[in-house]
Amino acid sequence: MKISPQRDLFDIPEGVAYLNCAYMAPTLRAARRAAEEALERTSHPWQITPPDYFTGCEEVRSLFARLIGGDPDGVAIVPSVSYGMAVAAANVPVERGEKIVVLEEEFPSSYYCWRELARRKGARLSVVRRPPNGEWTPAVLEEIDESTAVVVATNCHWTDGTLLNLAKVGGEARSVGAALVVDGIQSLGAMPFDVKEVRPAFLATASYKWLLGPYGVGFLWVSEEYRSGTPIEHNWINRAGSERFSHLVDYRDDFQPGARRYDAGERSNFVLLPMVAEALRQILSWGVGNIAETLASITALIEEEAVERGMEPTPSALRAPHMLGIRLEPPIPEDLPAQLASRGVHVSVRGDSLRISPHLYNTGEDISLLFSVLEEHTRARSV
């Protein structure tokens with residue numbers, strides 16, 4: 001079911017074509033109200049009781065679990081994808097000479113920690129080159145063999161939305177005893193995702209893009225195999241019995257159940273978590289499948305308009321429903337995003353692509369403005 005435009009739920013002025021959700025989502029009006037109420041509450045800290053350190057966390061943990069078809073015990077609350085990747089790297093077994101598979105031009109947070117792990121363990125970092133035909137899945141499957149320990153992958157490439165079949169990749173990884181680690185930041189909330197189908201060892205994401213949440217809060221889903229692992233920090237709240245504030249000096253070796261042992265310190269953010277909860281409730285209300293279908297119709301229109309103008313967009317058969325890249329002739333001006341923004345059009349340049357990532361707040365007028373400004377830019381360059 002397609003969703004009608006939801007612009008009134010966001011504070012986006014007329015004349016602003018914000019087609020950049022893959023960069024950062026605008027805050028929902030309801031989430032901003034939740035933050036304002038939370039700020040007022042933190043002005044009176046005597047109203048914040050010990051149980052409040054746990055109730056908000058459990059609410060967002062359960063909401064996120066519903067979104068991915070998982071269980072709340074498998075969800076850790078983390079500040080970023082890089083934190084989640086660090087947890088995964090600290091817990092998946094990698095031996096000397098084994099292989100860690102990553103994608104070419106992967107986002108740095110899903111690359112650096114694995115490069116460092118390979119160096120530390122004497123393992124090999126195997127980079128899957130971008131396939132000329134845009135089909136990542138066969139290229140990744142070909143790279144997985146008996147020497148593979150970890151495959152780090154995404155549902156869609158962050159630069160242009162090109163797809164990867166994670167269910168197939170996960171199955172192949174498990175067949176050789178490798179762990180699949182997924183960066184879901186550019187797909188969760190905009191594409192249906194089921195952990196029971198993909199079966200990742202770890203799934204990391206942040207809330208500030210397609211989950212429509214604030215910057216600084218993310219999630220890490222952990223398969224049962226890894227829920228008794230080692231956290232990368234030892235804070236007070238992830239230990240068993242931390243609900244009893246008067247007994248915190250009675251140090252414990254055991255942890256809170258499930259993936260909670262991986263929760264970051266100060267996870268109980270009394271301003272950000274209400275915003276996250278509001279955003280997740282809205283996404284669940286819309287339905288991720290409905291969001292994906294609606295955004296697919298918007299990106300299809302953008303693709304059609306681009307092709308008519310002789311541009312090279314990522315074709316729908318090769319990309320995610322919610323974003324696409326338009327290949328640009330080099331050299332690409334460094335200030336191109338700023339030039340477009342000065343006319344009210346907000347997109348990103350990633351690699352050699354103009355990355356366009358709409359959401360439910362976008363309208364036909366936004367698309368018209370996008371191509372009007374792009375045509376002006378093209379004419380100016382050709383003079």
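Which residue is the bridge partner of L324 in β13? In this predicted model, the answer is I356, and that pair makes a good doorway into the structure. Let us first step back for the overall picture and then return to β13.

The protein is built from eleven helices and 13 strands. For its 383 residues, a compact globule would be expected to have a radius of gyration near 21 Å, and the value here is 22 Å, so the two agree. If you draw a box along the principal axes, the C-alpha atoms fill roughly 75 × 55 × 35 Å. Of the 383 residues, 53% count as buried. The accessible surface comes to about 16,800 Å², with 52% of that area belonging to carbon and sulfur atoms. If you take the contacts with a sequence separation of 6 or more, 73% of them are between residues 24 or more positions apart.

Now back to the sheet that holds L324 and I356. Four strands make up this open sheet, in the order β9-β10-β13-β12, and the pairing is antiparallel. At its edges stand β9 (312-313) and β12 (348-350); each has a single partner strand, so one side of each lacks a neighbour in the sheet. Inside the sheet, β10 and β13 pair in the antiparallel sense over four bridges, and the L324–I356 pair belongs to this pairing of strands.

On its other side, β13 (residues 353-356) is joined to β12 by three bridges, again antiparallel. Here you can find R350 opposite S353, and V349 with L354 as its bridge partner in β13. The hairpin of β12 and β13 has two residues between the strands, and G351 takes a positive phi near 65 degrees in this hairpin. Have a look at the side chains along β13 as well: S353 and R355 point one way, L354 and I356 point the other way, and all of them are buried.

What lies across this sheet? Helix α9 (residues 288-308) lies across β9, β10 (324-327) and β13, and the helix runs at about 10 degrees to β10. A little further along the chain comes helix α11 (residues 364-382), where I367 is found. With a relative accessible area of 6%, I367 falls under the 20% cut-off and is therefore buried. Leaving out residues up to four places away in sequence, I367 touches I298, L301 and I302. For a sense of distance, try I367 and P132: they are 235 residues apart in sequence, and their C-alpha atoms are 28 Å apart in space.

The next stop is another sheet. Seven strands form this open sheet, in the order β2-β8-β7-β6-β5-β3-β4, with mixed pairing. Its edge strands are β2 (75-78) and β4 (124-128), each of which pairs on one side only. On average, and ignoring direction, neighbouring strands of the sheet are turned by 20 degrees against each other. One pairing to follow by eye is that of β7 (residues 202-206) with β8 (residues 218-222), which is antiparallel over five bridges. Within it, F202 stands opposite V222 in β8.

Two loops beside β7 are worth a pause for their backbone angles. In the loop between α7 and β7 you will find R199, with a phi near 55 degrees, a positive value in a residue other than glycine. In the loop between β7 and β8 sits L212, whose phi is near 60 degrees, also positive in a residue other than glycine. L212 has a relative accessible area of 2%, under the 20% cut-off, so this loop residue is buried.

Finally, let us turn to helix α6 (residues 166-175), whose buried residues are L166, V169, G170 and A173. Seen down the helix axis, these buried residues fall within an arc of 100 degrees, so they line one face of α6. What do they pack against? Their partners are α5 (136-143), β5 (148-154), β6 (179-183) and α7 (195-198). Two of these partners, β5 and β6, bring us back to the seven-stranded sheet, where they are listed side by side in the strand order.

Notes. Residues numbered from 1 in each chain as written. Predicted model: local features only at pLDDT ≥ 70, side-chain atom pairs only at ≥ 80, totals over all residues. Heavy atoms only, no water. Pairing = 2+ DSSP bridges. Axes fitted to C-alpha atoms, helices over the stretch in contact; angles between N-to-C directions. Contact = heavy atoms within 4.5 Å. Rg over C-alpha atoms; globule rule 2.2 N^0.38 Å. Buried < 20%, exposed > 50% of the residue type's maximum accessible area, 1.4 Å probe, protein only. Areas by Shrake-Rupley, 256 points an atom, 1.4 Å probe, with all protein chains shown as cover. Arc of directions from axis to C-beta.
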